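Reader: Please show the structure, and then explain the grounds on which its features are assigned.

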Amino acid sequence: MDRYISADRTAALLGGSAERSPAYLGIADGLRLLISDARITPGTRLPSERELTASLGVSRTTVAHAYSHLRELGYLVSRQGSGSVAQLPRTAEVGDMLLNPEPSGTDAVDLTCAAPTAPPGIAAAYDAAVAELPAHLTQNGYYPSGLPALREAIARRYDERGLPTQPEQILVTSGALSALAVVVRAFVDVGDRVLMESPSYPNAIATLRAARARLAGADIDQRGWATTGLVDAVAQVRPRAAYLMPDFQNPTGLLMDDSERARLAAALRKSGTLPVIDETMAELALDQAELPKPFAAHAPTTVTIGSASKAFWGGLRIGWIRSPEPQMGALVAGRLTLDLGAPVVEQLALLHLMQNREAVFAIRRDHLTTSRAALVSALASQLPSWCFRMPAGGLSLWCELPRAASSALASVAPSYGVRLAAGPLFAPEGGLDRFVRLPFTESPSQLTDAVSRIASAWEEGLSGRHTSRRAPALIT
Ligand SMILES: Cc1ncc(COP(=O)(O)O)c(C=O)c1O
């Protein structure tokens with residue numbers, strides 16, 4: 001994988017680091033942070049000592065010292081013919097990357113999982129589904145592509161969003177993660193390169209790693225889409241597939257606009273890369289009235305993954321794939337070696353919910369907007385040094401901490417009665433320890449309480465003053 005960063009770009013990212021004394025340590029520390037944060041993604045070739053010397057205006061010995069210090073710390077490796085390549089010291093294993101949404105069974109506020117509870121109307125949708133069940137009992141119950149009426153309803157929703165779609169282009173799955181597993185079976189071979197945003201969704205990272213794909217993370221900035229970085233990464237990596245979330249990206253909540261979609265789609269087309277677009281959060285717009293068209297409107301080969309889990313309820317376990325028809329055969333084949341279809345009652349229930357979509361979404365939006373406001377105001381008063389960009393949708397804030405300590409914070413947080421997902425979980429190639437994801441799916445009072453606990457953990461637990469403390473009772 002031939003990725004590189006120019007000397008001028010490295011110098012720009014380093015800013016004033018070289019002005020510190022001793023200069024070699026300033027440069028080494030600056031580079032270490034850039035690599036840890038995946039702003040220089042591991043696997044990237046750094047400029048030669050000579051080139052960086054010229055761009056920084058320091059002596060060659062200073063840069064040589066900085067590089068050798070980074071090699072000792074495990075952040076650089078010298079590869080024959082490739083110069084110095086960024087890497088992370090080995091720590092976490094693949095299994096450590098999974099987010100497990102199972103309730104923890106403790107009374108700690110669980111902020112590891114960004115999944116809302118069911119809105120009103122779910123039980124009524126199940127009642128209606130059960131009432132319709134007798135009509136299906138004369139069949140064998142297997143619908144490997146999905147119930148025809150649900151495929152039709154999902155296709156109509158794409159039409160409404162500006163992407164004409166036939167029901168034959170829809171494959172109903174047992175959730176979006178299962179949809180990704182089907183896509184990987186159909187289109188990603190062992191050793192294929194897959195580009196992802198960094199940060200990305202942990203269980204997608206783990207799914208792709210388990211398939212032994214070679215992951216490349218393209219740094220996106222929490223302040224906005226770094227489309228140039230993504231486009232450059234596509235050109236440099238020439239990946240087989242790109243797994244991306246342009247619609248309220250998990251975890252940053254970023255929404256990619258139409259012109260950025262068009263630019264990225266052109267780059268993917270040029271490199272022959274299959275866009276795999278996860279739209280799990282697409283229906284969770286909180287502020288924006290006018291939404292961009294689905295990514296597939298710009299890139300016709302796109303395989304789109306959708307889910308009922310966040311807009312409706314995770315317990316339905318229903319998701320889907322939308323794909324151009326010529327790719328459907330490979331997807332159905334991928335599906336038939338995984339499971340043989342999604343449950344009939346759940347598909348019928350989702351059909352009812354979709355008929356009532358606007359009412360359900362309005363309730364969802366209200367709840368999330370109120371919870372987001374409570375989280376933002378608690379952070380402003382209790383952790384003012386934490387930065388985040390207000391997301392226009394989705395389920396979480398991606399917070400930047402004043403120092404790289406999110407793993408340490410996540411490990412002390414349970415003894416303060418709160419569980420957190422640290423930044424490195426979201427990093428396809430390591431790093432991101434300066435970030436933590438805070439979902440706003442809990443109630444305002446739980447979030448306010450959780451932030452107090454986090455603030456205590458941050459101020460007391462990480463300062464070494466913390467000894468051992470019982471989790472306070474949950475305040476609801
Ligand atoms: C981006 C993204 N994709 C997929 C999933 C999994 O969704 P499902 O419950 O439909 O499998 C999630 C859940 O958090 C998610 O955030």
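The exchange below takes up confidence, the ligand site and the cysteines in turn.

Reader: What is the average pLDDT of the protein?

Author: This is a predicted model, and its pLDDT averages 90, with 93% of the residues scoring at least 70. Over residues 465–476, however, the pLDDT is below 50, although this stretch has 30 contacts in the model beyond near neighbours in sequence.

Reader: Which residues come nearest to the ligand?

Author: Ala176, Asp278, Ser307, Ser309 and Lys310 come nearest, out of 13 residues around the ligand. That shell divides into five nonpolar, five polar and three charged residues.

Reader: What makes the approach of Lys310 to the ligand a polar contact?

Author: A polar side-chain atom of Lys310 lies 2.5 Å from an oxygen atom of the ligand. The cut-off for a pair of N or O atoms is 3.5 Å, so this pair qualifies. A polar side-chain atom of Ser309 lies 2.7 Å from a ligand oxygen, and for Arg317 the corresponding distance, from a side-chain N or O atom, is 2.8 Å. The protein covers 91% of the 400 Å² of accessible area that the ligand has on its own.

Reader: How many disulfides are counted?

Author: The count comes to zero disulfides. For Cys113, the nearest cysteine sulfur is that of Cys399, 17 Å away.

Reader: Why is Cys387 not bonded to Cys399?

Author: The two sulfurs are 8.9 Å apart, and Cys399 holds the cysteine sulfur closest to that of Cys387. A disulfide requires sulfur atoms within 2.5 Å, so the pair is too far apart for a bond.

Reader: Why is Cys113 called partly exposed?

Author: Its relative accessibility is 22%. Buried means under 20% and exposed means over 50%, so Cys113 falls in between. Cys387, at 42%, also counts as partly exposed.

Conventions. Residues numbered from 1 in each chain as written. Predicted model: local features only at pLDDT ≥ 70, side-chain atom pairs only at ≥ 80, totals over all residues. Heavy atoms only, no water. Near = heavy atom within 4 Å. Polar contact = N/O pair within 3.5 Å; in protein donor to acceptor, adjacent residues only side chain to side chain. Areas by Shrake-Rupley, 256 points an atom, 1.4 Å probe, with all protein chains shown as cover. Nonpolar A, V, L, I, M, F, W, Y, C, P; charged D, E, K, R; others polar. Buried < 20%, exposed > 50% of the residue type's maximum accessible area, 1.4 Å probe, protein only. pLDDT = per-residue confidence, 0-100. Contact = heavy atoms within 4.5 Å.
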